[in-house]
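Subject: Structure handover and side-chain notes

Hello,

Here is the structure we talked about, with the sequence. My notes on its side chains follow below.

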Amino acid sequence: MINLELPKKLRAQANQAHQVAAEIFRPISRKYDLAEHEYPVELDTMASMVEGMSDAGGEIGGAKGGREKDSESAAKPSKTANANGGNMSALVNVIETCWGDVGLTLSIPYQGLGNSAIAAVSTDEQLERFGKVWASMAITEPSFGSDSAAVTTTAVLDGDEWVLNGEKIYVTAGERSTHIVVWATVDKSLGRAAIKSFVVPRDAPGLSVARLEHKLGIKASDTAALLLEDCRIPKDNLLGTAEVNVEKGFAGVMQTFDNTRPLVAGMAIGVARAALEELRSILVDAGVEISYETPAYNQHAAAAEFLRLEADWEAAHLLTLRAAWMADNKEPNSLQASMSKAKAGRSAVDITLKAVELAGTYGYSERPLLEKWSRDSKILDIFEGTQQIQQLIVARRVLGKTSAELK
């Protein structure tokens with residue numbers, strides 16, 4: 001029998017994350033939406049809490065899922081085993097914190113998306129060194145967006161140091177994080193196989209913040225453009241191995257997305273659930289009855305639409321749980337990660353916008369947070385691979401096509 005109940009340990013972690021969302025995030029959500037680029041000082045009090053949860057194997061924001069430290073837990077479970085590890089823990093926590101506020105979740109100290117890259121492809125020694133840093137992730141450049149293989153930032157080995165040159169844009173937590181995971185090529189002539197991930201400390205010589213972006217949503221989170229001008233980092237700050245395997249391509253660095261895409265899907269699920277709960281309250285207060293026993297076509301039009309949105313949310317939720325569960329159970333989840341990201345991102349945009357519409361002028365005002373959630377949700381359908389890219393990846397996997405065969 002399939003059991004979709006979360007285990008007791010994860011329920012306790014989710015409850016703690018929900019308390020953070022309700023008691024810390026929600027009360028200051030509008031404040032930092034209106035004060036873009038102002039650092040949320042209230043999050044400083046969470047730093048020690050985050051570190052304590054990390055030591056205990058959990059995260060509040062949920063950006064470190066991907067790998068267990070000990071070899072026993074990292075081994076592939078038996079066919080009868082059912083592991084719920086770092087990925088599932090991170091997912092249930094990020095759903096709760098994004099129920100509170102997406103931008104503030106992305107601003108939690110030491111919970112950057114770059115931490116998932118470190119967890120996914122680092123060596124054991126690197127995981128020990130970088131396991132507790134606050135790492136953002138720098139992939140996108142002015143010359144490309146979704147095509148990660150088009151990286152032009154270069155990394156040249158000079159003695160015991162790598163020298164990086166290039167420009168990265170739309171780096172989440174790019175100004176506040178202590179480290180940046182930078183994608184760069186070690187040999188342009190070898191194509192995508194030569195793209196590697198490098199951990200660049202904030203104080204590395206040659207690294208600078210060019211500007212901070214003004215955005216539609218997630219304004220509490222800083223989004224930066226970074227310049228790397230003869231930026232020098234230690235040789236062993238290259239994540240994984242420096243070997244270029246042309247046959248394997250850049251599957252190593254792309255493995256990062258198998259961990260981060262379900263997390264972004266979880267963010268979408270969290271904010272969409274917030275909108276559904278608020279919308280239900282508004283409809284009930286307006287005298288609209290929502291029934292699960294009466295056919296939708298026999299109910300108020302707003303109630304029927306609510307049921308459609310709720311069903312769509314449930315589908316996205318289950319797809320995302322599946323992708324995280326597969327990662328924890330060491331099953332290849334690239335297809336499922338993209339499916340969850342595509343479904344949840346699109347659903348969150350639809351749900352939050354429809355909630356604004358059904359709530360009328362009240363939903364369009366700044367009295368509730370509905371209009372803010374609709375703005376915040378859009379980025380979740382864009383970053384970590386756009387909706388269109390996710391559909392392309394899913395099509396390739398289902399049809400058995402390569403990236404060269406299906407573009």
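Which residue forms a salt bridge with D33, and how far apart are the closest N and O atoms? The partner is R375, and the closest N and O atoms of the two are 2.7 Å apart. Please keep in mind that this is a predicted model.

Salt bridges

D33 belongs to helix α1 (residues 8-34) and R375 to helix α12 (residues 370-378), so this salt bridge ties together parts that are 342 residues apart in sequence. Both ends count as buried: D33 has a relative accessibility of 6%, and R375 has a relative accessible area of 17%. The structure holds 23 salt bridges, and I describe a few others here.

Helix α12 also contains a salt bridge of its own. The side chains of D376 and K372 meet there at 2.5 Å, N to O. These two residues are four apart in α12, about one turn of the helix. D376 is buried, at 0% relative accessible area, and K372 is buried as well, at 3%.

The surroundings of these charged side chains fit the picture for the helix as a whole. Eight of the nine residues of α12 are buried, so the helix is largely enclosed by the rest of the structure. The buried residues are L370, E371, K372, W373, S374, R375, D376 and S377.

A pair with the same sequence spacing occurs in helix α8, where R273 and E277 are four residues apart and thus separated by about one helical turn. Their salt bridge has its closest N and O atoms 3.3 Å apart. R273 is buried, with a relative accessible area of 17%, whereas E277 is partly exposed, with a relative accessible area of 40%.

Salt bridges also join up into a network, which links E305, R308, D350, K354 and E357.

Aromatic pairs

How many aromatic pairs are there? The count comes to three, and two of them are described here.

One is W162 with F198, an edge-to-face pair with 5.3 Å from centre to centre and 70 degrees between the planes. W162 sits in strand β3 (residues 161-172) and F198 in strand β5 (residues 195-201), so the pair ties together parts that are 36 residues apart in sequence. W162 and F198 are both buried.

Another is W183 with F257. The ring centres are 5.6 Å apart and the planes stand at 55 degrees, so the pair is classed as tilted; edge-to-face would need an angle over 60 degrees. Here the link runs between a strand and a helix: W183 is in strand β4 (residues 179-185) and F257 in helix α8 (residues 251-285), so the parts tied together are 74 residues apart in sequence. Both W183 and F257 are buried.

Charges over rings

F257 has a further partner, since R261 places its charged end over the F257 ring, 4.2 Å from the ring centre. R26 likewise lies over the face of W99, at 3.8 Å from the ring centre.

The surroundings of S107

Is S107 buried or exposed? With 0% relative accessibility, S107 counts as buried. This serine is in the loop between α5 (102-105) and α6 (114-121).

The S107 side chain makes a polar contact with the side chain of R176, at 3.1 Å. A polar atom of the S107 side chain also lies 3.1 Å from the backbone oxygen of A220. Setting aside neighbours within four places in sequence, the residues in contact with S107 are L43, W134, R176, A220 and S221. R176 and A220 therefore appear both in that contact list and as polar partners of S107.

Cysteines

The structure holds zero disulfides. Two cysteines may still be worth a look when you open the model. C98 counts as buried, at 1% relative accessibility, and C231 is buried too, with a relative accessible area of 0%.

Regards

Note on methods
Residues numbered from 1 in each chain as written. Predicted model: local features only at pLDDT ≥ 70, side-chain atom pairs only at ≥ 80, totals over all residues. Heavy atoms only, no water. Phe/Tyr/Trp six-rings, centres within 6.5 Å; stacked < 30°, edge-to-face > 60°. Buried < 20%, exposed > 50% of the residue type's maximum accessible area, 1.4 Å probe, protein only. Lys NZ or Arg CZ within 6 Å of the ring centre and 35° of its normal. Polar contact = N/O pair within 3.5 Å; in protein donor to acceptor, adjacent residues only side chain to side chain. Contact = heavy atoms within 4.5 Å. Salt bridge = Lys/Arg side-chain N within 4 Å of Asp/Glu carboxyl O. Disulfide = S-S within 2.5 Å.
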